[in-house]
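Trainee: Please pick one part of this model and take me through it closely. I would like to know where it sits, what surrounds it and how it relates to the rest of the fold.

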Amino acid sequence: MSRTSHLVAFLSIIASAALVGTGAVVVASSHDASAAEQAVAVRQAEALRRTPDQVVSGAIDTTDRSDAVTFAYAGDSITARPDSWLHVLERDPAVRAVGGYAHSGYRSDQVLREIRPVPTADVLVVELGTNDVNQAVPVGTITANVDALVRKVDAHRVLVVAGPPSDRTTSLWGADRRAGQLVLTRALRADARRHGWAFVDPFTAVRTADGAYEPGTTPDGIHPTAEANLGVAHVMAEAIEATGR
């Protein structure tokens, strides 16, 4: 086994150990991966080690605006990053974040564990699942976590967000992230329909037909650029207002 193969296998073991007891299903495929896929996995692991711990919790805007639609948020890096749709909406007088939890790199079960009830929120915005897809968690487990999270937060209404695009077709857990995000989006849409929740796909303008990002709309193949997030935030604001009114 090459040095790269040893490293990928070691990272897969560490990743699997970290998930013990979380309920996540891990599929490691380092032994079957090609040299090119192994190299991609190593670069992804190095990028993860350089990513700062991005966490947002609680109210974002405490201004008392009785006419604003209030919302809670449950998300991962798509929500937690400094240039995310959530932070863009801090400047929008029509909506106001009154609670929630978002953490870069977190799966749906991890956010479920950390988030607190926000029963005063007009809308709960659920933007989760991309890290579950990356770690090969079945969509049935993801939607079950979303359902449990909705019950825990206990907001008046619910808005479920589609999975974002992805330029990545491999992961340390042997997942095809691009194809997996499309499967995730279909599952989340069906779950929302089943419960009578609202659903929004704010990524249609930046997603290609096969699920990748449109050229120039992502800095890393995983997240939208700051400019692209302006468009995402605009769609999100309209959806939050429509759901909350």
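Mentor: A strand here is a DSSP run of E with at least two residues, and strands are numbered from the N terminus. The model is a predicted one. The part I will take is strand β3, with Y101 as the residue to follow, since Y101 is placed in that strand.

Start with the sheet. Six strands form an open sheet in the order β1-β3-β2-β4-β5-β6, and the pairing is mixed. At the edges stand β1 (55–57) and β6 (198–200); each has a single partner strand, so one side of each lacks a neighbour in the sheet. From one strand to the next, the twist averages 25°. In the strand order, β3 comes between β1 and β2.

The pairing with β2 can be given in detail. β3 covers residues 95–103 and runs parallel to β2, residues 69–75, with seven bridges joining the two. One bridge pairs V69 with V95 of β3.

Now Y101 itself. Its relative accessibility is 10%, and because the limit for buried is under 20%, Y101 counts as buried. Beyond the neighbours within four places in sequence, the contacts of Y101 include V55, V56 and S57, then Y73, A74 and G75. Residues 55–57 make up β1, and 69–75 make up β2. Further contacts of Y101 are Y106, V111, E114 and I115. For G75 there is also a distance: its C-alpha is 6.6 Å from that of Y101, although 26 residues separate the two in sequence.

β3 also takes part in an internal void. The structure holds one cavity of 30 Å³ or more, and the largest cavity has about 40 Å³ of space. The lining consists of I60, D61, F71, L86, L89, E90, V95, R96 and A97. β3 contributes the most to this lining, with three residues. By class the lining has six nonpolar and three charged residues, and no polar ones. V95 thus appears both in the lining and as the bridge partner of V69.

Last, the helices on the sheet. Helix α7 (residues 139–153) lies across β2, β4 (123–127) and β5 (157–161), at about 150° to β4. Helix α8 (residues 177–195) packs on the sheet as well, touching β5 and β6, and its direction makes about 155° with that of β6.

Key: Residues are numbered from 1 along each chain as its sequence is written. This is a predicted model: local features need pLDDT of at least 70, side-chain atom pairs count only at pLDDT 80 or more; totals for chains, interfaces and linings use all residues. Side-chain values use heavy atoms; hydrogens and water are left out. Two strands pair if DSSP finds at least two bridges between them. Helices (H or I, at least four residues) and strands (E, at least two) are DSSP runs, numbered from the N terminus. Axes are lines fitted to C-alpha atoms, for helices over the stretch in contact, and angles run from 0 to 180 degrees between N-to-C directions. Contact means heavy atoms within 4.5 Å. On a 1 Å grid over the protein atoms alone, a cavity is a set of points where a 1.4 Å probe fits but cannot get out, and a pocket is an open set with protein on both sides within 12 Å along at least five of seven lines; lining residues have an atom within 4 Å of a point. Grid points are joined across faces, edges and corners, and a volume is the space filled by probe spheres set on the points. Ala, Val, Leu, Ile, Met, Phe, Trp, Tyr, Cys and Pro count as nonpolar, Asp, Glu, Lys and Arg as charged, and the others, Gly among them, as polar. Buried means under 20% relative accessible area, exposed over 50%, partly exposed in between (1.4 Å probe, protein chains only).
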